[in-house]
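Colleague: I'd like to go through the labels on this one. Could you take me through the reasoning behind them?

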Amino acid sequence: MSESNAAPEHPRPPRPRGEPRFPDGPVPDPAGSHHERRIRSFQPRRSRVTTSQADALQRLWPKWGLDIDGQRVLDLHELFGGEMPVVLEIGFGMGEATAQMAADDPDTGILAVDVHTPGQGNLLGLADRNGLSNVRVANGDAVILLREMLPAASLDGLRIYFPDPWPKARHHKRRIIQPEFLDLAAPSLKPGALLHCATDWEPYAEQMLEVLTAHPLFENTQPDGGYAPRPAFRPFTRFEGQGIDKGHVVHDLLFRRVTGEQ
């Protein structure tokens, strides 16, 4: 059956009261983070989970998923089933770009973090259908993951693509790229690891460039100290295209973790 003639997929019917949403899948608020008094850079999105997404969560979460509970330190070699470089991606949406990057670079592990359940299921399904064994999906707060669960100098890269720009001035404190976040992320990155950010919100790009340039443990890969051309390994996404259609300019920032103590 052609894609255009395929029957539309319907959301799952409501579950009975008291029944776990996904008995073998991600749990809500795995670290009990609502007890932690901290301004958060993410806003959980509530949307319906399709049948195929739910199936992927049930089947594949025990194999490729993990909850960010803050209760253990991860062994990334064990998590990915061998020694390979591992890149952390924070906020992957529906996972199409993540799956493409995993397919293009099968020898690099991608630890992809998000709180959006439909996206988690979608990425697991994409990984399964395309035989991508180098993707792991983490559910929960990336701050807790970095602070509590990742060993020092364990990551070969950090990717943050199109994070929420929080455009209102009173919400700028919620933006993820802040000096405090860089302080937290730096110890988990190996010297030379690449921090790659992308945004289509011009004022946020300017703030990112300012904050990253000022941090002593990161250096700009661009000799002129400015934005970078979009690297070939970052796929052009539907979201990016929508921003460009609205007249937005997409900026990539590529900074390298330098040697130094944090």
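What follows is a talk about burial and salt bridges in this predicted model.

Colleague: Let's begin with helix α5. What makes it "mostly covered"?

Modeller: Helix α5 spans residues 142-149, and 6 of its 8 residues are buried. Those are A142, V143, I144, L145, L146 and M149. Buried here means under 20% relative accessible area.

Colleague: And what do those buried residues pack against?

Modeller: Four strands and a helix, namely β1 (65-67), β2 (86-90), β3 (109-114), β5 (155-161) and α6 (179-185).

Colleague: Which residue has a side-chain oxygen reaching a backbone nitrogen at the start of α5?

Modeller: That's D141, whose oxygen comes to within 2.9 Å of the backbone nitrogen of V143. The cut-off for a polar contact is 3.5 Å, so the distance fits.

Colleague: Why is R147 called partly exposed?

Modeller: R147 has 39% relative accessibility, and partly exposed runs between the 20% and 50% cut-offs, so the label follows. E148 gets the label too, at 36%.

Colleague: How do you know that R147 and E148 form a salt bridge?

Modeller: Their closest N and O atoms are 2.9 Å apart. The limit is 4 Å between a Lys or Arg side-chain nitrogen and an Asp or Glu carboxyl oxygen, so the pair qualifies.

Colleague: What about R256 and E219, why does that pair count as a salt bridge?

Modeller: There the closest N and O atoms are 3.8 Å apart, and the limit is 4 Å, so the pair is in. R256 sits in strand β8 (residues 251-257) and E219 in strand β7 (residues 218-220), 37 residues apart, so the bridge links distant parts of the chain. Relative accessibility is 32% for R256 and 38% for E219, so both land in the partly exposed range.

Colleague: What makes D128 and R59 a link between distant parts of the chain?

Modeller: Their side chains meet in a salt bridge at 3.1 Å, N to O. D128 lies in helix α4 (residues 117-129) and R59 in helix α1 (residues 51-64), with the two positions 69 residues apart in numbering. Both are partly exposed, D128 at 31% and R59 at 45%.

Colleague: Which residues make up the network of salt bridges?

Modeller: D55, R59 and D128 are linked in it. Over the whole structure there are 9 salt bridges.

Colleague: And how much of the protein chain counts as buried?

Modeller: Of its 262 residues, 47%.

Terms used. Residues numbered from 1 in each chain as written. Predicted model: local features only at pLDDT ≥ 70, side-chain atom pairs only at ≥ 80, totals over all residues. Heavy atoms only, no water. Buried < 20%, exposed > 50% of the residue type's maximum accessible area, 1.4 Å probe, protein only. Contact = heavy atoms within 4.5 Å. Polar contact = N/O pair within 3.5 Å; in protein donor to acceptor, adjacent residues only side chain to side chain.
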